[in-house]
Amino acid sequence: MTSQSAKTLLTLDAEAVASLKEGINFKKSQEDGKCYIIYKNNDGLRACKNQCKHQGGLFIKDIEDLDGR
């Protein structure tokens, strides 16, 4: 039998949430230094680890993607 548990990986205070721009945002956890990508639009926020599943590297803001898509 496998048990499941919930764990908070990243927390943002109200000021940090308000400072997020529409589209893609890069944030680093103050607790453990891990990096996350947060996508903000009219529907709310979505977040995921900033780590490529194939090679383990971090995604970066691409100069060709200036409008945050």
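This note goes through the fold, the strand pairing and a few residues of the chain.

1. Basis. This is a predicted model, in which local features need pLDDT of at least 70, side-chain atom pairs count only at pLDDT 80 or more, and totals for chains, interfaces and linings use all residues. Residues are numbered from 1 along each chain as its sequence is written, and side-chain values use heavy atoms, with hydrogens and water left out.

2. Confidence. pLDDT is the predictor's confidence in each residue, on a scale from 0 to 100. The chain has a mean pLDDT of 84. Of its residues, 87% reach 70 or more. Helix α1 (residues 14-18) has the highest confidence, at 94. The lowest is in β1, at a mean of 90. Where pLDDT is low, predicted coordinates should not be read in detail.

3. Overall make-up. The chain has 1 helix and 3 strands. Along the sequence the pattern is α-β-β-β. Helices (H or I, at least four residues) and strands (E, at least two) are DSSP runs, numbered from the N terminus.

4. The sheet. The 3 strands form an open sheet in the order β1-β2-β3, with antiparallel pairing. Two strands pair if DSSP finds at least two bridges between them. The edge strands are β1 (23-28) and β3 (44-49), and each pairs on one side only. From one strand to the next, the twist averages 25°. For such angles, axes are lines fitted to C-alpha atoms (for helices over the stretch in contact), and the angles run from 0 to 180 degrees between N-to-C directions.

5. β1 with β2. β1 and β2 (residues 35-41) run antiparallel and are joined by 6 bridges. Three pairs can be checked in the viewer. G23 stands opposite K40 in β2. I24 stands opposite Y39. F26 has I37 as its bridge partner. The hairpin of these two strands has 6 residues between them. Within that hairpin, G33 takes a positive phi near 80°.

6. β2 with β3. This pairing is also antiparallel, over 6 bridges. The hairpin that joins β2 to β3 has 2 residues. K40 has L45 in β3 as its bridge partner. Y36 stands opposite K49 in β3. K40 thus appears in both pairings, opposite G23 in β1 and with L45 in β3.

7. Burial. Buried means under 20% relative accessible area, exposed means over 50%, and partly exposed lies in between (1.4 Å probe, protein chains only). Of the 69 residues, 16% count as buried. β3 is hardly covered: the count of buried residues among its 6 residues is 0. The accessible surface of the chain comes to about 6200 Å². Carbon and sulfur atoms account for 51% of that surface. Areas come from the Shrake-Rupley method with a 1.4 Å probe; for residues, only the protein chains shown count as cover.

8. N50. This residue lies in the segment after β3. N50 is buried, because its relative accessible area is 5%. Contact means heavy atoms within 4.5 Å. Leaving aside neighbours within four places in sequence, N50 is in contact with F26, C35, Y36, I37, G57, L58 and F59.

9. Cysteines. C35 is found in β2. Its relative accessible area is 21%, so C35 is partly exposed. Not counting residues up to four places away in sequence, C35 touches K27, K28, K49, N50 and L58. C35 and K49 are 14 residues apart in sequence and 6.3 Å apart in space, C-alpha to C-alpha. C48 is partly exposed too, with a relative accessible area of 41%. A search of the whole structure finds 0 disulfides (a disulfide is a pair of cysteine sulfur atoms within 2.5 Å).

10. Contact range. Among contacts in the chain with a separation of 6 or more, 21% are between residues 24 or more positions apart. The contacts of N50 include F26.
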